[in-house]
Amino acid sequence: MSSPVTLIDRVEALLAPGAPLPLVLAGDPALRRPADPYDGELPPALLADLLAAMRVTMREAPGVGLAAPQIGLGVRIAVIEDPSPLPTEASLVRDRRPVPFRVIVNPRYEAVGDVAAEFYEGCLSVPGYQAVVRRALTVRLRGQDETGAELDEEVRGWPARIVAHETDHLDGTLYLDRAYTRSLASTQVLQEHWTRPDVGLSRELLGF
Ligand code: ZN
């Protein structure tokens, strides 16, 4: 009888070819399975290698977040980093601020208050498209960091959207499940028509 494949085996195999790692794209069941809780199964050096590979993969994409299922690993770990270039009208309206690289482990979130925000949002696993998603402006994030330290904090604005998006991945949820489907736009059309941060006009003309 062969011994079961452990998380260590799976991570070692995944990292063998080197980063950036190939991204799992929409339609792959790996993105639809709820990920397993992470319980410290990886030796520190291997965890560090995994997180470094996820960081490289996120940066090269480029994206502002990456959840483990997006590299085919069904475990509740995600990385986030938003360099958020110089403030623009769009970043101000979106309340987008720089987020230093961070790791969220076993994250969960809940809305704080009932203020919502609606913006176009995209996903590295759904290349070429964006759609408008209504999300809580502020969320309470709980879970751990990569050292196992407990997290319990309020996150507001665009960083809250990133936290929610990445945590949703760990539950097998894609942003499209929450999007106004009539708002779906190819990146090309988005750049031609919907560069304004506020979605009022696209709502009117697309009917969502
Ligand atoms: Zn995504």
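1. Pro22 makes contact with Gln70 and Ile71, leaving aside residues up to four places away in sequence. The model discussed here is a predicted one. Pro22 belongs to the loop between α1 (7-15) and α2. Its relative accessibility is 66%, and because the threshold for an exposed residue is over 50%, Pro22 counts as exposed.

2. Pro22 may be considered together with Thr57. The two residues are 35 apart in sequence, and their C-alpha atoms are 7.9 Å apart in space. Thr57 sits in helix α2, which spans residues 44-60. Ile71 is listed among the contacts of Pro22 and also among those of Thr57.

3. Is Thr57 buried or exposed? Thr57 has a relative accessibility of 3% and therefore counts as buried, the limit being under 20%. Apart from residues up to four places away in sequence, Thr57 touches Ala19, Pro20, Leu21, Leu23, Leu66 and Ile71. The side chain of Thr57 also has a polar atom 2.7 Å from the backbone oxygen of Ala53.

4. The zinc site deserves separate attention. Three protein donors are assigned to the zinc ion: SG of Cys123, NE2 of His165 and NE2 of His169, at distances of 2.1 to 2.2 Å. Along the chain, these donors follow the spacing C-x41-H-x3-H. Cys123 is located in the loop between β4 and β5, whereas His169 is in helix α4, so this pair ties together parts that are 46 residues apart in sequence. Both Cys123 and His169 are buried.

5. The largest pocket has a volume of about 780 Å³. Its lining comprises 29 residues, and those nearest the centre are Val64, Glu121, Gly122, Gln130 and Trp158. By character, the lining residues divide into 13 nonpolar, 11 polar and five charged.

6. Which elements each supply at least two residues of the lining of the largest pocket? They are the strands β4 (116-121) and β5 (129-136) together with the helices α4 (158-170) and α6 (187-193). The largest share, six residues, comes from α4. Helix α4 is also the element that holds the zinc donor His169.

7. In summary, two regions merit inspection in the predicted model. One is the pair formed by exposed Pro22 and buried Thr57, with C-alpha atoms 7.9 Å apart. The other involves helix α4, which supplies six residues to the lining of the largest pocket and contains His169, one of the protein donors of the zinc ion.

Definitions and conventions. Residues numbered from 1 in each chain as written. Predicted model: local features only at pLDDT ≥ 70, side-chain atom pairs only at ≥ 80, totals over all residues. Heavy atoms only, no water. 1 Å grid on protein atoms, 1.4 Å probe; cavity = no way out; pocket = protein on both sides within 12 Å on 5 of 7 lines; lining within 4 Å. Points joined across faces, edges and corners; volume = space filled by probe spheres on them. Helix = DSSP H or I, 4+ residues; strand = E, 2+ residues; numbered from the N terminus. Nonpolar A, V, L, I, M, F, W, Y, C, P; charged D, E, K, R; others polar. Buried < 20%, exposed > 50% of the residue type's maximum accessible area, 1.4 Å probe, protein only. Polar contact = N/O pair within 3.5 Å; in protein donor to acceptor, adjacent residues only side chain to side chain. Contact = heavy atoms within 4.5 Å. Donors = N, O, S within 2.8 Å, 3.2 Å for Na, K, Ca; no water.
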